[in-house]
Amino acid sequence: MTAPAPQGPVDNRAVETEPQSIDAPMSLAAGFLVLTVNDGEQAVSTVRSVLASTDDLIKDVRIRGNGELFTCNVGISHHAWKPLTGRPLPQGLEPFQEIRGAKHTAVATPGDLLYHIRAQSTDLVIEFEKLLLRAFGSSVTCVDDVAGFRYFDGRDLLDFVDGTANPDGLDLPASTIVGSEDPDYAGGSYVVIQKYLHDLTAWQAQTTETQEEIIGRTKAENSELPDATEGQKSHKTLCTIEDVAGEHDILRDNMPFAVPGKGQYGTYFIGYSRYLWVVTKMMERMFIGDPPPLHDRILDFSKPVTGVAFFAPSRYFLAQLG
């Protein structure tokens with residue numbers, strides 16, 4: 001029998017900078033779990049240990065999914081970074097700052113940890129959260145837990161296709177993964193979340209033409225409409241960030257959510273970016289306007305009730321916390 005070929009040397013740098021599943025494909029179900037870390041060294045120690053075992057917990061649930069998609073990304077906030085990691089902050093990590101426009105406000109809310117769970121069925125999401133919260137015990141407090149679902153052909157509950165402008169191919173890691181600009185945290189990604197609640201009655205009272213002008217795309221075909229060069233701009237245009245270096249993309253993996261019995265219908269916005277300032281600039285253009293005070297008119301129908309920023313470090317970084 002021929003002996004197996006010798007393995008080449010392990011590229012330690014590649015292992016250390018392997019991202020979490022930032023570029024995982026869009027799923028049929030998702031979970032957005034936001035936690036705060038309770039006071040006390042014992043709580044911090046427990047959380048640190050659970051963070052380090054993230055990959056093991058993912059594998060425990062994934063193997064029960066019979067080959068279905070299952071991933072989870074973990075983000076750590078500015079507030080919790082130093083207590084949990086004992087390391088300096090990533091260069092761009094800042095708390096989510098309230099953005100107050102003339103009419104609408106992007107609120108800032110509590111959150112130390114984000115678990116963004118993607119799966120092809122809700123049972124895997126629930127099982128993962130159950131096991132995770134059992135491991136955390138009394139060391140954390142849940143401040144938000146949202147179950148998202150894929151709505152028809154990737155539409156939000158405003159009935160427009162969402163995520164069309166996402167980068168793909170080699171543009172995806174270039175837009176979302178930290179590189180040589182912050183070598184100590186290469187392989188990480190900045191994450192911003194906002195939970196929006198929709199006034200569907202008011203939205204559905206608008207004509208299709210008005211809705212399309214607000215979004216900047218056609219409703220049926222999802223085709224781009226021309227950008228306004230001055231005056232009121234569409235949601236699509238306000239969310240396009242450009243400078244002398246060109247256009248800066250982010251990865252959106254937004255999901256609809258709903259509790260019909262309570263009349264709650266919304267979109268959970270989650271954006272991954274190589275640079276946190278790109279998402280911040282996008283929010284400023286939406287809420288303050290470009291030019292002020294011409295805010296994004298989608299905000300007249302969608303109200304943000306949460307807002308938190310996180311850094312999702314490399315898989316190796318998480319594992320070393322233990």
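A residue counts as buried here when its relative accessible area is under 20%, and that cut-off is useful to keep in mind while moving through this predicted model.

**First stop: strand E1**

Select residues 29-37, which make up strand E1, and look at how covered the strand is: nine of its nine residues are buried. In a regular strand the side chains alternate between the two faces of the sheet. With the side chains of E1 displayed, Ala 29, Gly 31, Leu 33, Leu 35 and Val 37 point one way, while Ala 30, Phe 32, Val 34 and Thr 36 point the other way, and the residues of both sets are buried.

**Second stop: the neighbours of E1**

Keep E1 on screen and add strand E5, residues 113-119, which runs antiparallel to E1 and is joined to it by seven bridges. Then add strand E6, residues 140-149, which is also antiparallel to E1 and is connected to it through nine bridges. Val 34 is a convenient residue on which to centre the view, since its bridge partner in E5 is Leu 114, and its bridge partner in E6 is Asp 144.

**Third stop: aromatic pairs**

The structure holds 15 aromatic pairs, and two of them are visited here. Starting from E5, select Tyr 115 together with Phe 128, whose rings form a tilted pair at 6.4 Å centre to centre, with 50 degrees between the planes. Because Tyr 115 lies in strand E5 and Phe 128 in helix H5 (residues 122-136), this pair ties together parts that are 13 residues apart in sequence. Tyr 115 and Phe 128 are both buried.

Next select Tyr 185 and Phe 311, which form an edge-to-face pair with 6.0 Å from centre to centre and 80 degrees between the planes. This pair links distant parts of the chain, for Tyr 185 sits in the loop between H6 and strand E7 (189-198), whereas Phe 311 belongs to strand E14 (residues 308-312), 126 residues apart. Tyr 185 and Phe 311 are likewise buried. Widen the selection to include Trp 81, Tyr 190 and Phe 317, and the view will show one aromatic cluster that these residues form with Tyr 185 and Phe 311.

**Fourth stop: the loop between E6 and H6**

Return to the end of E6 and follow the chain into the loop that leads to helix H6 (171-176), where Phe 152 is located. Phe 152 has a positive phi of about 50 degrees although it is not a glycine. Is its side chain a buried or an exposed one, judged by the residue's relative accessible area? Phe 152 has a relative accessible area of 67%, and it is therefore classed as exposed.

Farther along, Asp 159 is placed in the loop between E6 and H6 as well, and Asp 159 is another non-glycine residue with a positive phi, of about 75 degrees. The relative accessible area of Asp 159 is 31%, so this residue is described as partly exposed.

**Last stop: the loop between H10 and E13**

Finally, select the loop between helix H10 (276-287) and strand E13 (302-304), in which Pro 291 is found. The peptide bond from Asp 290 to Pro 291 is cis, and its omega is near 5 degrees. Moving along the backbone to Pro 293, which is also in the loop between H10 and E13, inspect the bond that joins Pro 292 and Pro 293: this peptide bond is cis too, with omega about 0 degrees.

Terms used: Residues are numbered from 1 along each chain as its sequence is written. This is a predicted model: local features need pLDDT of at least 70, side-chain atom pairs count only at pLDDT 80 or more; totals for chains, interfaces and linings use all residues. Side-chain values use heavy atoms; hydrogens and water are left out. Helices (H or I, at least four residues) and strands (E, at least two) are DSSP runs, numbered from the N terminus. Buried means under 20% relative accessible area, exposed over 50%, partly exposed in between (1.4 Å probe, protein chains only). Two strands pair if DSSP finds at least two bridges between them. Rings of Phe, Tyr and Trp (its six-membered ring) pair if their centres lie within 6.5 Å; planes under 30 degrees apart count as stacked, over 60 as edge-to-face and the rest as tilted.
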